Amino acid sequence: MMATKSEPLHLGLVAGLGVGAGIFYYRSLVAEHFERGRIPRILMTHADVRRVMDLSAARAKQELAEYLSALLGQLAAGGAQIGIIPAFSPQICATELAQLTPLPLISLLDAIEEELVGRRLHRVAVLGARLTMDTALFGRLQGLAEVVSLQPDELDRAGDIYRRIVENERASEEEFESLRALAHRLVEREHVDSIILAGTDLSLVFHPGNTDFPHVDGARTHIAAIMRRCQS
């Protein structure tokens with residue numbers, strides 16, 4: 001049974017896919033609910049991030065989908081009505097997971113696609129984990145926008161920095177400036193319409209006050225989509 005307007009949807013969050021990222025989603029969803037005068041209903045379960053990252057890197061899509069589906073099943077058993085996976089790398093199995101999930105999902109990739117279409121962005125570059133950049137957001141941008149590839153040294157540097165951000169749950173000033181400079185370089189050299197910040201942990205580093213290049217913040221775009229569903 002779906003929630004009434006006076007009773008927020010019971011959200012099920014698969015946490016642990018980077019502790020900092022899970023905390024960011026939790027805090028953001030609580031703040032968004034409070035801003036609307038509502039008390040959030042959030043149930044969380046904790047994933048084994050090493051298992052998820054290993055399966056993602058191996059592109060073991062079916063096994064990863066089965067693992068995530070089992071976690072979503074735990075959330076469904078606890079009363080969750082909507083499932084949320086607040087991480088990019090697991091999206092590699094989005095198609096397979098859609099066939100198995102016991103909960104309707106608010107898709108991170110769908111939210112980004114909708115943002116690109118709504119803003120009419122036709123030429124973009126992707127920053128995030130190496131897998132996310134290598135696959136141009138897991139192929140989801142094909143036919144939707146032209147994705148500019150980073151040069152090999154830029155790809156290596158961006159991937160290494162993102163890995164350290166995930167591990168440390170923060171970026172050093174040098175790491176922040178390096179990513180910021182890369183984003184500006186891509187805008188100027190490649191004439192991209194926008195940089196897609198396709199890593200939840202990048203939202204720990206970039207925010208509206210310090211992001212001075214055209215961008216799509218993947219995590220914040222996803223959170224906005226979640227709140228739209230909560231209000232529908």
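This report walks through the overall build of one protein chain and then its nonpolar core.

The model is predicted, so to speak of local features a pLDDT of at least 70 is needed, side-chain atom pairs count only at pLDDT 80 or more, and totals for chains, interfaces and linings use all residues. Residues are numbered from 1 along each chain as its sequence is written, and side-chain values use heavy atoms, with hydrogens and water left out.

Let's start with the whole chain. It holds nine helices and seven strands, where helices (H or I, at least four residues) and strands (E, at least two) are DSSP runs numbered from the N terminus. The radius of gyration is close to what the globule rule gives for 232 residues, so the chain is as compact as a globular protein of that length. That radius is taken over C-alpha atoms, and the rule is 2.2 Å times the number of residues to the power 0.38.

| Property of the protein chain | Value |
|---|---|
| Radius of gyration | 17 Å |
| Span of the C-alpha trace along its principal axes | about 50 × 40 × 35 Å |

Buried residues (under 20% relative accessible area, 1.4 Å probe, protein chains only) make up 50% of the 232 residues.

Now step inside. The largest nonpolar core, a set of buried Ala, Val, Leu, Ile, Met, Phe, Trp, Tyr and Cys residues joined through side-chain atoms within 4.5 Å, has 75 residues. Touching the most other members are Y25, L116, L127, I195 and I196. Helix α3 (residues 61-77) gives the most to this core, with seven residues.

Which residues does I195 touch, not counting those up to four places away in sequence? Its contacts (heavy atoms within 4.5 Å) include A125, L127, F213 and P214.
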